[in-house]
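Reader: I would like to learn how to read a structure like this one, feature by feature. Could we begin with charged side chains and where they sit?

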Protein chains: 2
Amino acid sequence: MTEPAFRRARRPEHKQQRREAILTAARELALRSGVRNVSLGGVATTVGLAKSNVVRYFGTREEIYLELAAEGWREWADAVTVRLREATAPAEVIDALTQTLAARPLFCDLLSHTATNLEHNISVPAARAFKRTVMGVVTELGAQITKAHPDLTGDEGGELLVAAIGMAGMLYPVANPSSALAELYAQDPDLAAACLPFEPTMKRNLTVVAAGLKALRNDRP
Amino acid sequence: MTEPAFRRARRPEHKQQRREAILTAARELALRSGVRNVSLGGVATTVGLAKSNVVRYFGTREEIYLELAAEGWREWADAVTVRLREATAPAEVIDALTQTLAARPLFCDLLSHTATNLEHNISVPAARAFKRTVMGVVTELGAQITKAHPDLTGDEGGELLVAAIGMAGMLYPVANPSSALAELYAQDPDLAAACLPFEPTMKRNLTVVAAGLKALRNDRP
């Protein structure tokens, strides 16, 4: 718990500072304990504010994490853009998507909770801001992927991108099992096959999707 | 809230009845409000027992829903088995997977929460029982899919199955948006493209995966 430098944030720069302090606390707590284990009360305690004060900045716990998810989408899009500039072979495009996601555990954790949790208990304006960010990145990065991947055309880059995001959100909690599952896998190595490793599984699945998109197009009469 | 027929379940058949009553209440509550909105207290109230009594049968809320998920896997496997017996063309195999999942909203809801939520806060024996069920179905149905789908061979049926399950868990909450998102989509039709429809998206994605599995095998030197 940190002591805030001012009691009430009245000036716009103070309000902005508070907002940033709340996001920083939420980010650190989620990195330490996982998104699923952080409550609004936990964020408030860490940032040194009352819960009733935190909700003046973000209506709910979910709105805080949705803001961090939007930030994650923008930051990831920048990283992929840099990697795609150097990519020419199909495998390099797949590596760019896979490795940038593997390097961002908090973003993957947020992706895994977005539709089931973070998009609930929020206001319509918060939902709108988030969806605009996501749709903007999907459109922009989708076009970049189509341009960089020699086997893809039209909207197929966007399809590969949505597949990558969906897979990352699905695989991240599978590859990072709960304490009960980790113990089970240590006791029963035959069941440990259920613990799919993140990077190789992402790479294999995205290679399959890209090959399938190309094959279906070629089959078309 | 229902009144239990006996105060304490001492005989094995009464214990089994209690267990069934708890599962029935949890199932009905999840069908009505969604898995994410049901608490252990809600289940206890509905079944007419104290929380301290419910946890003698299932240690946690998550163990109750993991048991329903295991039941869902077995019941779905039976339904797919029947459909696969009649399937000969690739599209029929994809339809069998897609339509049996689309017809089971509670199973899809449970799939969407399994790795992020239901596999946490559970005992190792509960984790083991669940994973054995899942691995058994994946092995058995995977082999059936390979046999039924003329373009697949070896483990590829299992890969298609795991893809179907992952997609269903990812797509279900996207296709069934929260109240804030539903309002947003009604207000901003341009953002409603983010609300992917379950059946057509499953069918397209599984067709891409099956085509990709075949194409990659044919490309192999």
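Author: Let us start with two residues of chain B in this predicted model: both B:K131 and B:E119 are buried.

Reader: What do B:K131 and B:E119 form, and how far apart are the closest N and O atoms?

Author: The general idea is that side chains of opposite charge can pair when their charged atoms come close. Here B:K131 and B:E119 form a salt bridge, with the closest N and O atoms 2.9 Å apart. Because B:K131 lies in helix α7 (residues 124-148) of chain B and B:E119 in the loop between α6 (105-118) and α7, the pair ties together parts that are 12 residues apart in sequence.

Reader: How many salt bridges are there over all chains?

Author: The count comes to 28 salt bridges over all chains. One of them links A:E67 with A:R19, whose closest N and O atoms are 3.5 Å apart. Since A:E67 lies in helix α4 and A:R19 in helix α1 (residues 12-33), both of chain A, this pair ties together parts that are 48 residues apart in sequence. As for exposure, A:E67 counts as partly exposed at 24% relative accessibility, and A:R19 also counts as partly exposed, at 25%.

Reader: Which salt bridge joins two chains?

Author: Look at B:D188 and A:R132, whose side chains meet in a salt bridge of 3.0 Å, N to O. B:D188 lies in the loop between α9 (179-187) and α10 (198-219) of chain B, while A:R132 lies in helix α7 (residues 124-148) of chain A, so the pair joins two chains. The partners can also be read by accessibility: B:D188 is buried, with a relative accessible area of 11%, whereas A:R132 counts as partly exposed at 43%. The pair also belongs to a wider arrangement, as A:R128, A:R132, B:D188 and B:D190 are linked in a network of salt bridges.

Reader: How is chain A related to chain B, and by what turn and shift can one be laid on the other?

Author: In general, two copies of a chain are related by a rotation about an axis and a shift along it. In this case chain A can be laid on chain B with an RMSD of 0.0 Å, by a turn of 180° and a shift of 0.0 Å along the axis. That is the relation of a two-fold axis. In chain A, the C-alpha nearest the axis belongs to A:G212, and it lies 1.7 Å from the axis. The same surface serves both copies, for 100% of the contact residues of chain A recur in chain B.

Reader: Now for the rings: how many aromatic pairs are found over all chains?

Author: A search of the whole structure finds six aromatic pairs over all chains. To read one, we look at the distance between the ring centres and the angle between the planes: A:W73 and A:F107 are edge-to-face, at 5.9 Å centre to centre with 85° between the planes. This pair links distant parts of the chain, with A:W73 in helix α4 (residues 61-86) and A:F107 in helix α6 (residues 105-118), 34 residues apart.

Reader: Are these two rings buried or exposed?

Author: A:W73 is buried, with a relative accessible area of 5%, and A:F107 counts as buried at 5% as well. A:F107 also pairs with A:W76, and that pair is tilted, with 5.8 Å centre to centre and 35° between the planes. A:W76 is buried too, with a relative accessible area of 0%. Taken together, A:W73, A:W76 and A:F107 form one aromatic cluster.

How values were computed
Residues are numbered from 1 along each chain as its sequence is written. Chains are lettered from A and ligands numbered from 1 in the order in which they are written. This is a predicted model: local features need pLDDT of at least 70, side-chain atom pairs count only at pLDDT 80 or more; totals for chains, interfaces and linings use all residues. Side-chain values use heavy atoms; hydrogens and water are left out. Copies are superposed by least squares on the C-alpha atoms of residues with pLDDT of at least 70 in both. Contact means heavy atoms within 4.5 Å. Rings of Phe, Tyr and Trp (its six-membered ring) pair if their centres lie within 6.5 Å; planes under 30 degrees apart count as stacked, over 60 as edge-to-face and the rest as tilted. Helices (H or I, at least four residues) and strands (E, at least two) are DSSP runs, numbered from the N terminus. Buried means under 20% relative accessible area, exposed over 50%, partly exposed in between (1.4 Å probe, protein chains only). A salt bridge is a side-chain nitrogen of Lys or Arg within 4 Å of a carboxyl oxygen of Asp or Glu.
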